[in-house]
Amino acid sequence: MTASLRYLGLPGRKNDAVTLAFGTNHVNSRLSTLYWYQDGKKGPRRNSEFAIETDYTFQATKWLYLEPNVQFWVDPGGYTQKNMITVFGVKTGVTF
């Protein structure tokens, strides 16, 4: 499940946007149990993960945009022993 909020038209940059997104995934308990048995009942079972992402869309030209983003993942992959990770990224787009 995901949800996001996007604000378009920043002061002085009418084509730029800021986005804030939230998401969560839940691993099916039967699949989690199957993986746990396949791993020889070692380690924790997988459960849920939660993510928060924010990005800024910079419209450089009419045809090119750059979108740096930061993602914060809680219990990545559904493994509770991994508290949180941070991911940095950049997306680019070209319109023809």
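This is a short talk about the surface, the largest pocket and the salt bridges of one protein model.

Okay, hi everyone. Before anything else, please keep in mind that this is a predicted model.

Let's begin on the outside. Which residues form a nonpolar patch on the surface? They are Leu 5, Leu 20, Phe 22, Phe 50, Phe 72, Val 74 and Met 84, and together they have about 590 Å² of accessible area. If you ask which elements give two or more residues to that patch, you get strand 2, residues 13-26, and strand 4, residues 64-74.

Pick out Phe 22 on your screen, since we'll meet that residue again. Phe 22 sits in strand 2. Its relative accessibility is 34%, so we call Phe 22 partly exposed.

Now for the pocket. Here's the general idea: if you roll a probe the size of a water molecule over the atoms, you see where empty space is left. In this model, the largest pocket holds about 150 Å³ of space. How many residues line the largest pocket? The count is 13, and those nearest the centre are Thr 2, Phe 22, Gly 23, Ala 51 and Glu 53. So there's Phe 22 again: a member of the nonpolar patch, and also part of the pocket lining.

Which elements build that lining? Strand 1 (2-10), strand 2, strand 3 (48-59) and strand 4 each give two or more residues to it. Strand 2 supplies the largest share, with 5 residues. As for chemistry, the lining splits into 7 nonpolar residues, 5 polar ones and 1 charged one.

Next up, salt bridges. The structure has 2 of them, and I'll take them one by one.

In one, the side chain of Asp 16 meets the side chain of Arg 13, with 2.8 Å from N to O. Are these two buried or exposed? Asp 16 has a relative accessible area of just 1%, so Asp 16 is buried. Arg 13 comes out at 31%, and that makes it partly exposed. So this bridge joins a buried residue to a partly exposed one.

While we're looking at Arg 13, note that it lies in strand 2. Now find Gln 59: along the sequence, Arg 13 and Gln 59 are 46 residues apart, but their C-alpha atoms are 8.3 Å apart in space.

The other bridge pairs Glu 67 with Lys 91, and here the closest N and O atoms are 3.9 Å apart. Glu 67 belongs to strand 4 and Lys 91 to strand 5, so this pair ties together parts that are 24 residues apart in sequence. Once more, we can check how covered each partner is. Glu 67 is at 9% relative accessibility and counts as buried, while Lys 91 is at 42% and counts as partly exposed.

Let's stay with strand 5, which covers residues 84-94 and contains Ile 85. Ile 85 is partly exposed, because its relative accessible area is 38%. Compare its position with Leu 64: these two are 21 residues apart along the chain, and their C-alpha atoms are separated by 30 Å.

One last stop, in the loop between strand 4 and strand 5, where you'll find Asp 75. Asp 75 isn't a glycine, yet it has a positive phi of about 55 degrees.

That's my tour, so over to you for questions.

Definitions and conventions:
Residues numbered from 1 in each chain as written. Predicted model: local features only at pLDDT ≥ 70, side-chain atom pairs only at ≥ 80, totals over all residues. Heavy atoms only, no water. Patch = residues over 30% accessible without salt bridge, like charges linked within 9 Å, V, L, I, M, F, W, Y side chains within 5 Å. Areas by Shrake-Rupley, 256 points an atom, 1.4 Å probe, with all protein chains shown as cover. Salt bridge = Lys/Arg side-chain N within 4 Å of Asp/Glu carboxyl O. Helix = DSSP H or I, 4+ residues; strand = E, 2+ residues; numbered from the N terminus. Buried < 20%, exposed > 50% of the residue type's maximum accessible area, 1.4 Å probe, protein only. 1 Å grid on protein atoms, 1.4 Å probe; cavity = no way out; pocket = protein on both sides within 12 Å on 5 of 7 lines; lining within 4 Å. Points joined across faces, edges and corners; volume = space filled by probe spheres on them. Nonpolar A, V, L, I, M, F, W, Y, C, P; charged D, E, K, R; others polar.
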